[in-house]
Each structure stands twice: as C-alpha cells, then as structure tokens.
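Let's walk through this model together, one piece at a time. Have the sequence and the structure open as you read.

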Amino acid sequence: MITYLTRKSIQNRKLTSLLCVASIALSVALLLGVERIKNGARDGFTNTISQTDLIVGAKGGPLQLVLYTVFRIGSPTNNIRYSSYTEIKNFPEVDWTIPISLGDAYRGYRVVGTDENLFKHYRYRGDQKIEVLDGQVPVGIFDVVLGYEVAQKFQHKTSDLIILSHGISEKSFMEHSVTPFKVVGIMKPTATPLDRSIFITLEGMEAIHLGWENGVPGKNPGITPENLKKENIQIGQITSFLLKTKSRIQTLKLQRKIDTYPEDPMMAVIPGLALHQLWRTLSYVENILYLISLCVLAVGLISVVVSLYTSLNERRREISIFRALGAGAGKVVSLLLFESSLIVLTGILIGTTLLYLCLFIVRPYLESNFSLYLPIQFPSSTELIYLGSILFGGITAGFIPAIKAYRNSLQDGLTIQV
Amino acid sequence: MKLAINMQNLSFHYEDAHPILKLDVFEVKKQEKIFIYGPSGCGKSTLLGLIAGVFLPQQGTLEVFGLDFCSTSRSKRDKIRGKEIGYIFQTFNLIPYLSCLENILLPCIITRQRKNKITGPLEQEAALLAEHLNLTEVLHKKARQLSVGQQQRVAAARALIGNPQLVIADEPTSSLDGKNTNEFLKLLLREWEEKQFTLVFVSHDERLANDFNRSVSLPELNRIKDLRK
C-alpha cells in the first residue's frame with residue numbers, strides 16, 4: 001500500500017520531487033567531490049615522493065629541506081660535501097641513494113643535477129616509477145632530460161640545444177652560454193613537481209660551474225664541451241640526497257647517525273612526517289571547502305522538508321481520505337516518511353553517480369592541468385559515513401512534516417479541511 | 001434485531017474541553033437506512049467520527065456491530081473502519097491524481113481485510129460497481145477530470161466496494177445540483193436495496209428524508225444546544 005501510494009504521489013508531484021532529488025543529488029555530489037579533491041590534493045602532496053625513508057641535506061629547517069628537495073620551492077642555504085654523501089651511501093644499512101644538486105634554472109624551471117639512480121629508484125604515488133617518454137636518461141656531461149611540462153611549454157624535442165642560466169630566478173643575466181646542453185629525453189607526465197624540473201648529471205652541474213667559483217663567470221673559461229671528460233670532473237658538493245634503508249626499522253637509527261655526523265653538519269628528515277606537518281598548516285583551505293559543502297547539503301535537506309511541508313496542506317485532504325478508508329495515523333506517518341526517505345535515497349544515489357561521472361570526465365584534465373590525481377575508487381569509509389549521515393538526516397528531517405501530518409489527522413478526524 | 005450502532009448516555013468533547021456532543025440514546029438497526037438531519041455546526045462530523053471509530057467518547061457506551069469501541073485499540077478500530085465501513089464525504093472525496101478505477105479500489109489497497117472480502121478479480125468488481133453507478137465511460141480518467149456529480153458517484157462506488165456493512169454519507173449531495181442529487185440518491189438507494197447494508201445518511205436538506213426508513217434530527221438528539229464552533 002505504502003509503496004503504491006508513494007509512487008503515485010511522487011508521480012503527481014513530479015516536478016517538486018524532481019527538484020528535491022536534484023538538490024540532494026547536487027549537494028551529495030559536491031560534498032563527495034570536495035572530499036575527493038581534498039584527499040586527492042593531500043595524497044598528491046604527500047605522495048609526491050614515496051619509498052624514500054630519509055631526505056638528507058645541510059643543517060637548517062627540516063621543512064625547507066623537503067620543500068627545495070622535493071617541491072623545488074625555496075632555495076637551499078648550504079650544500080653538503082660529496083665525500084660525505086659517498087660515505088653515507090656506502091653505509092651497510094643503506095639500500096639506495098639519489099643525489100640532488102640544485103642551483104641553476106632554465107627559463108624559470110629548476111635544474112636538478114642527479115645520477116641514474118633517480119630514474120632507477122625514484123617512486124611517487126606508491127609504486128609509480130619515472131619513465132622517459134622519448135629518448136633516454138642523461139649520461140653525457142651535457143645531456144639534459146626535460147620534465148613533461150617544461151618540454152610542453154617550450155615545445156622542445158630531443159636533440160634540441162638549450163642554454164641554462166645561473167641561479168634560480170626567471171630572469172637571469174648570467175647564462176652558461178659556453179656550455180649548451182643537448183636534450184636527450186623527455187619524461188612521462190607524473191603530475192608531480194618532477195614535470196617542472198629538468199635533469200642533468202652531477203658532472204654536468206659541476207662542469208658548467210668550472211671557473212665560477214666566485215659565483216660569477218670565470219675569467220678565462222676555456223672550457224668547451226669537447227675538452228671535458230666525465231672521468232676528469234671532480235664533484236665537490238651536492239645539495240641533498242634521498243635515501244632508502246634496507247629495512248625500515250633502521251630509519252630512526254640512521255637518522256640519528258646522520259644528524260650527528262661529525263665531518264659535515266647534516267640532517268636527515270623523514271619525508272612523510274614533514275609532508276603531513278606541512279599539509280596540516282594548509283588544511284584551513286580544505287576545512288573551508290568542507291564547510292561550504294556542508295552548507296549546501298543543509299540547504300538540500302531543508303528543501304526536502306520545505307517541499308513536503310508545503311504540500312502538507314494540499315495533503316491534509318488526502319490524509320483524511322486515507323484515514324476514512326481505514327489507514328491508521330501510523331500509516332499516514334510512514335507514508336510521508338517513506339516519501340521523504342525515497343527522495344533522499346534517490347538523491348544520494350544520483351549524486352554519487354554524478355560524482356563518478358564527473359570524476360571520469362574531468363580526471364584527465366585535472367591531472368594534466370592541476371597535477372591533481374583523483375583515483376576512481378569505491379567510496380571510502382568516510383564517504384560512506386557521510387552518505388549514511390545524509391540519509392539519516394533526510395529521514396530525520398522527514399519526521400517534521402510526518403509528525404505534523406500525524407497531529408493534523410488526529411485533530412481533523414474525518415473532516416476534510418479545505 | 002441486532003444493532004449496527006448503539007450509543008447510550010454518550011458525551012464527547014475535543015481537547016479544548018468544550019463539550020460538543022451529548023446524547024442519551026442513539027440506535028441504528030442493522031440494514032436500516034437512516035436519515036440524519038443536521039445543519040452545519042450541530043456536532044454532525046463529531047457524531048460520524050465517533051461511529052467511524054476515529055474519536056472515542058469521554059463518557060457513555062459506543063458500540064458498532066456489537067463491538068465496544070471504548071475498549072478497542074485504535075489500530076483495531078482503524079481496521080474495522082477499513083473493513084466494514086464505507087465513507088462518503090461532502091466534497092473532495094477523491095485522490096485527484098489517481099484514476100477513477102484506482103480511487104474505487106483505494107479501500108482495498110489500504111486495508112487488506114477489505115480486499116479479502118472480494119472473491120473475484122478486484123478490477124472486475126470495481127467495473128461492475130462503476131457500471132451500476134454510470135461510471136463506465138470515465139473509469140480510466142483521472143479523478144480531477146471528472147465532473148462533481150461523477151466524483152460523488154465514484155465516492156459512492158468506493159464506499160461500496162467489498163460490501164461493507166455500514167455506509168456513512170456525510171452530506172454527499174450538498175455540492176450537487178438537483179438533477180445530480182436525485183441521480184446520486186437513486187443509485188445509492190438502489191445499491192442499498194440490493195446489498196442491504198446499514199446506511200447512515202446525513203444532510204441539511206430535509207426534503208431527502210422521505211426516501212429513508214427513519215429520520216432523526218441531530219439538533220434535537222444532541223443535548224448540547226448552544227453549539228457555536
């Protein structure tokens with residue numbers, strides 16, 4: 001009886017019911033969407049680097065170390081000695097290391113001096129590996145591999161020659177013009193800061209600064225790509241390095257060992273910890289988003305109550321008829337409750353579907369333009385709790401008109417109120 | 001002969017404690033067709049609400065088909081109303097978005113016991129009633145598309161489906177013109193001849209009383225005289 005009458009009643013109030021369903025659906029989609037973007041942004045942020053146990057650099061602020069090493073934000077204050085790096089690299093508990101040498105830029109994009117370990121060991125978003133889309137990894141002194149975004153922006157192809165500038169500002173007057181680099185590869189997009197970096201070898205980084213010991217171009221450069229051999233270049237310093245231990249349990253012990261390393265003032269930072277710390281300082285943005293979507297949801301629920309409540313006068317007549325035909329007051333209540341619950345439930349289902357549809361459509365766009373990676377996955381437990389609360393809220397809200405109808409029906413008896 | 005309705009020394013007031021209805025004896029025999037004369041504001045809706053088991057008197061006896069309503073639970077009374085009582089309102093009897101047929105079948109949808117009283121196919125039963133009440137052509141039209149006369153006849157068909165023992169008509173003709181009133185009354189009484197249910201017919205139009213076994217004036221019956229509501 002209830003399903004039959006509810007179906008007919010909703011059919012009768014098609015437009016109003018549809019609008020209610022739509023407002024619930026939109027607010028559900030918005031709430032879940034914000035949740036997804038929030039999580040996507042956080043995961044994207046904290047998963048920029050994975051499987052790295054420690055980031056090691058010169059003593060200073062741990063957050064700064066992470067920012068310049070991983071995000072290429074800010075500038076390093078000090079370097080560490082290459083000899084210290086090689087020593088730590090050979091510690092028995094170390095699995096692999098990736099050296100990072102910063103300081104130069106190409107048209108505003110940071111140049112990263114590193115070695116083949118980056119391409120072998122660097123992981124992001126769990127177990128994603130860096131891949132070279134076109135070409136190969138840098139081997140020669142003047143080889144350069146471009147991050148995807150850099151290559152896209154300047155329309156570079158392999159075997160293009162580029163000139164790096166000294167320092168990290170976008171407008172640099174000091175260029176390494178005597179030592180042009182040859183593009184040997186372009187990296188696959190990763191939706192991480194890697195896309196905005198360009199990679200050369202540590203030797204390359206050292207080579208372009210030969211004679212620059214004072215921070216300005218040397219008096220007699222005399223250095224040409226032809227007269228330099230990789231074996232002849234002595235690497236003096238690097239900025240920082242990434243490290244993975246053979247067993248995670250050794251991380252803390254190793255951290256202490258590096259922090260108290262006698263020859264060189266160094267520190268080691270656990271990246272996950274630092275990233276979470278950093279994210280928390282940014283979390284007010286996500287809280288605002290969350291608050292806005294909650295407001296939208298409240299409006300959606302209120303619209304259901306309002307529409308049911310306003311239709312109540314019109315229904316007072318109907319309810320008297322149902323009562324006369326033997327429907328108890330309880331049945332009248334369940335009729336209204338069922339209707340509001342059905343509307344909310346339909347809204348939730350459509351809203352969730354809408355979310356997945358939108359995700360499916362905007363995902364590639366978000367990933368390429370905002371470096372925001374949103375996995376399409378089954379609703380998380382938090383999201384299920386949200387959906388459950390919305391359903392619960394909707395049903396609770398449905399009680400308001402239902403109780404009013406109950407009171408009316410007891411009071412009216414079989415009198416039809418017009 | 002057994003009584004369909006038995007009210008003794010009954011009094012009733014709503015929550016505001018202002019007395020509405022007080023009567024010594026009111027009895028309706030089974031299969032009787034009784035006319036109750038009641039102008040507006042004499043406690044008529046209250047009386048019908050009591051008979052239908054929606055309200056309970058604060059004092060006195062109220063029995064319908066021998067069942068003491070005062071000691072019967074609300075849901076039981078709802079069930080009895082659904083099963084054995086047909087109710088026709090003055091106006092707005094129908095659910096506007098349901099068809100004529102669906103409106104006639106509504107009691108069977110709401111109360112299972114009513115449905116179980118019909119042995120044959122439901123639709124056939126409804127169609128038969130519709131035929132009796134000159135509604136065959138409009139059977140599949142939406143209620144809101146019907147004329148007022150047709151709507152009242154649909155209401156009668158709905159009250160009659162499943163052969164309830166008691167039919168209460170609350171001013172069913174007051175919204176109809178003379179021609180429709182006569183037709184409605186004629187058809188309703190013909191059904192009564194055939195099915196022999198108890199018919200309680202309330203109207204402020206005393207001219208209709210001639211067609212009934214007995215006529216009762218509610219203002220005379222009700223001992224509360226200064227009813228101003």
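A residue is called buried if 20 or more other C-beta atoms lie within 10 Å of its own, exposed if 12 or fewer, and partly exposed in between, with C-beta atoms placed from the backbone. Helices (H or I, at least four residues) and strands (E, at least two) are DSSP runs, numbered from the N terminus. This is a predicted model, in which local features need pLDDT of at least 70 and side-chain atom pairs count only at pLDDT 80 or more, while totals for chains, interfaces and linings use all residues. Residues are numbered from 1 along each chain as its sequence is written, and chains are lettered from A and ligands numbered from 1 in the order in which they are written.

Let's begin in chain A, with β14(A). In this strand 5 of the 6 residues are buried, so β14(A) is largely enclosed by the rest of the structure. Which strands pair with it? Strands count as paired if DSSP finds at least two bridges between them. Strand β1 (residues 54-58) of chain A is joined to β14 (residues 240-245) of chain A by 4 bridges, and the two run antiparallel. Strand β3 (residues 94-106) of chain A also runs antiparallel to β14(A), through 6 bridges. You can find both pairings at one residue: A:S240 in β14(A) has A:G57 opposite it, and A:I100 stands opposite A:S240 as well. Elsewhere in β14(A), A:F241 is the bridge partner of A:V56.

Now follow β1(A) in the other direction. Of its 5 residues, 4 are buried, so to speak of the strand as mostly covered is fair. Besides β14(A), β1(A) is joined to strand β15 (residues 266-269) of chain A, again antiparallel and with 4 bridges. Here A:I55 stands opposite A:V269. As background for reading such strands, side chains in a regular strand alternate between the two faces of the sheet.

Next, look at a helix pair in chain A. Helix α3 (residues 62-71) and helix α9 (residues 271-281) of chain A pack at an angle of about 100 degrees, with their axes 10 Å apart. Axes here are lines fitted to C-alpha atoms, for helices over the stretch in contact, and angles run from 0 to 180 degrees between N-to-C directions. Angles under 35 degrees count as roughly parallel, over 145 as roughly antiparallel, 65 to 115 as roughly perpendicular and the rest as oblique. α3(A) and α9(A) are therefore roughly perpendicular to each other. On the α3(A) side, A:P62, A:L63, A:V66 and A:V70 meet A:P271, A:A274, A:L275 and A:L278 of α9(A); two residues are in contact if their C-beta atoms, placed from the backbone, lie within 7 Å. By class, this contact has 8 nonpolar residues, no polar and no charged. Ala, Val, Leu, Ile, Met, Phe, Trp, Tyr, Cys and Pro count as nonpolar, Asp, Glu, Lys and Arg as charged, and the others, Gly among them, as polar.

From here we can cross to the other chain. At the interface, 20 residues of chain A are in contact with 26 residues of chain B. On the chain A side, α1 (2-12) and α10 (283-324) each supply at least two residues, and α10(A) gives the most, with 6. That side of chain A has 10 nonpolar, 6 polar and 4 charged residues.

Chain B has 8 helices and 9 strands. Buried residues make up 49% of its 229 residues. Among its strands, β6-β7-β8-β3-β9 form, in that order, an open sheet with parallel pairing. β6 (85-88) and β9 (214-217) of chain B stand at the edges, each with a single partner strand, so one side of each is left without a neighbour in the sheet. The twist averages 15 degrees from one strand to the next. For β9(B), that partner is strand β3 (residues 33-37) of chain B, paired in the parallel sense over 4 bridges, with B:I34 bridged to B:R214.

Chain B has a second open sheet, of 4 strands in the order β2-β1-β4-β5, and its pairing is antiparallel. Its edge strands are β2 (19-29) and β5 (67-68) of chain B. Strand β1 (residues 3-13) and strand β4 (residues 59-64) of chain B are joined by 5 bridges, and B:N6 has B:E63 as its bridge partner in β4(B).

Finish at helix α3 (residues 100-110) of chain B, where 11 of the 11 residues are buried.
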